[in-house]
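User: I should like to learn how to read the features of a protein model in a systematic order. Could we go through one together?

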Amino acid sequence: MYYNCLVNIPKNTGKISRNKRGKTTYIEYTYAREYLPEKKYNVARRTTIGKADPDHPGMMFPNLNFEKFFPDVEIPAEGTAAEPVNESRSSCIRIGAFSVVRRIIEDYKLAEHLKRWDDRGKGMLLDLAAYSVIAESNVAQHFPDYAYNHPLMTPQNKIYSDSTISRFIREIDDNDRVEFLNSWNANHDKNEKIYVSYDSTNKNCKAGDIEMAEYGHPKTDVGVALQSSTTRLLTT
């Protein structure tokens with residue numbers, strides 16, 4: 001998977017090589033050398049980190065391996081062509097579960113609580129929420145596979161790469177979270193009961209004899225302290 005942005009070909013000539021196949025020149029990086037005792041010489045271990053752009057000498061289209069071996073090099077942000085060149089979609093789009101999740105998002109007006117976000121940011125965040133529910137996973141690496149055969153809420157149903165998703169998640173700060181929660185809470189009736197659920201696989205509780213804490217089923221420390229595998233807090 002290559003990005004349609006350009007970066008400089010690394011100048012480390014001792015580890016950078018070119019491999020031309022047909023009309024395409026691939027840029028390879030030697031990440032290790034292995035000595036073979038039986039042959040008494042070293043063998044280079046290489047991987048492709050990009051492909052050269054014939055229109056811009058010294059530049060290349062990077063791939064995921066480039067980010068792995070050159071993490072300090074900044075990949076251009078979205079809007080400056082940092083997306084995969086191949087954005088093909090499946091001929092069969094799965095809309096069933098997605099339609100249900102989208103209806104819930106619309107009914108609760110979740111997009112309206114993201115006031116500072118642009119359409120791209122809102123779409124990516126809501127797509128991740130739908131992905132985590134439908135695929136029962138939050139692994140960014142698998143998001144492009146989900147996006148390949150599901151509708152999306154990003155403008156033009158744009159498929160973003162897993163590395164872009166990871167960068168997007170890292171950019172979400174505490175202010176974004178607090179602003180969303182404040183907007184969400186302000187939209188609710190203050191006289192309405194609010195249920196806050198907290199789940200833990202093994203939570204030790206020493207708060208005393210209170211109804212909010214329930215005995216659970218821990219794997220260890222049975223009987224040592226009040227155990228709560230699920231603690232529920234009810235406020236009004």
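Analyst: We begin with the elements: helices (H or I, at least four residues) and strands (E, at least two) are DSSP runs, numbered from the N terminus. By that rule, this protein has six helices and seven strands. Please keep in mind that the model is predicted.

User: In what sequence do the elements of the protein run from the N terminus on?

Analyst: The order is β-β-β-β-β-α-α-α-α-α-α-β-β. Contacts along the chain add to this picture: among those with a separation of 6 or more, 57% join residues 24 or more positions apart. As for burial, 34% of the 236 residues count as buried.

User: How should one read a sheet, and which order do the strands of the open sheet have?

Analyst: A sheet is read through its strand pairs, and two strands pair if DSSP finds at least two bridges between them. Here five strands form an open sheet in the order 1-5-4-3-2, and the pairing is antiparallel. Strand 1 (7-8) and strand 2 (16-21) each have a single partner strand, so these edge strands are left with one side that lacks a neighbour in the sheet.

User: How many bridges join strand 3 to strand 4, and how many join strand 4 to strand 5?

Analyst: Strand 3 (residues 24-36) and strand 4 (residues 41-52) run antiparallel and are joined by ten bridges. Within this pair, Tyr29 has Thr47 as its bridge partner. Strand 4 is joined to strand 5 (residues 59-62) by three bridges, again in an antiparallel arrangement. There, Lys51 is bridged to Phe61, and Gly50 stands opposite Pro62.

User: Which residues take a positive phi in the hairpins of these strands?

Analyst: In the hairpin of strand 3 and strand 4, four residues lie between the strands, and Lys40 has a positive phi near 60°. The hairpin of strand 4 and strand 5 has six residues between its strands, and in its turn Gly58 has a positive phi of about 85°.

User: Where else should I look for a positive phi in a residue other than glycine?

Analyst: Two loops deserve inspection. Lys109, in the loop between helix 2 and helix 3, has a phi near 55°. Lys109 is partly exposed, with a relative accessible area of 45%. Asn157, in the loop between helix 4 and helix 5, has a phi near 50°. At 31% relative accessibility, Asn157 also counts as partly exposed.

User: What does Leu6 touch, and where is Leu6 found?

Analyst: Leu6 is found in the segment before strand 1. Not counting residues up to four places away in sequence, Leu6 touches Asp53, His56, Met59, Met60, Phe61 and Pro76. One of these pairs spans a long stretch of sequence: Leu6 and Met59 are 53 residues apart along the chain, yet their C-alpha atoms are separated by 6.0 Å. Leu6 counts as partly exposed, at 26% relative accessibility.

User: How should a nonpolar core be approached, and which residues touch the most other members of the largest one?

Analyst: In soluble globular proteins, nonpolar side chains tend to be buried together. The largest nonpolar core here has 21 residues, of which Phe143, Tyr146, Leu152, Ile165 and Phe168 touch the most other members. Helix 2 (96-107), helix 3 (119-134), helix 4 (143-148) and helix 5 (162-171) are the elements that give two or more residues to this core. Helix 3 provides the largest share, five residues. A second, separate core has 13 residues, including Tyr3, Ile27, Ile49 and Phe70.

User: What does Tyr146 touch?

Analyst: Leaving aside residues up to four places away in sequence, Tyr146 touches Phe98, Asp127, Ala130, Tyr131, Ile134, Pro151 and Leu152.

User: Against which helices do the buried residues of helix 5 pack?

Analyst: They pack against helix 1 (64-69), helix 3 and helix 4. The buried residues of helix 5 are Asp162, Ser163, Thr164, Ile165, Arg167 and Phe168.

User: At roughly what angle do the axes of helix 3 and helix 5 cross?

Analyst: The two axes cross at roughly 105° and come within 11 Å. Helix 3 is therefore roughly perpendicular to helix 5. In this contact, Arg120, Gly121, Met124, Leu125 and Leu128 of helix 3 meet Thr164, Ile165, Phe168 and Ile169 of helix 5. By class, the residues of the contact are six nonpolar, two polar and one charged.

Technical notes: Residues are numbered from 1 along each chain as its sequence is written. This is a predicted model: local features need pLDDT of at least 70, side-chain atom pairs count only at pLDDT 80 or more; totals for chains, interfaces and linings use all residues. Side-chain values use heavy atoms; hydrogens and water are left out. A nonpolar core is a set of buried Ala, Val, Leu, Ile, Met, Phe, Trp, Tyr and Cys residues joined through side-chain atoms within 4.5 Å. Buried means under 20% relative accessible area, exposed over 50%, partly exposed in between (1.4 Å probe, protein chains only). Contact means heavy atoms within 4.5 Å. Axes are lines fitted to C-alpha atoms, for helices over the stretch in contact, and angles run from 0 to 180 degrees between N-to-C directions. Angles under 35 degrees count as roughly parallel, over 145 as roughly antiparallel, 65 to 115 as roughly perpendicular and the rest as oblique. Ala, Val, Leu, Ile, Met, Phe, Trp, Tyr, Cys and Pro count as nonpolar, Asp, Glu, Lys and Arg as charged, and the others, Gly among them, as polar.
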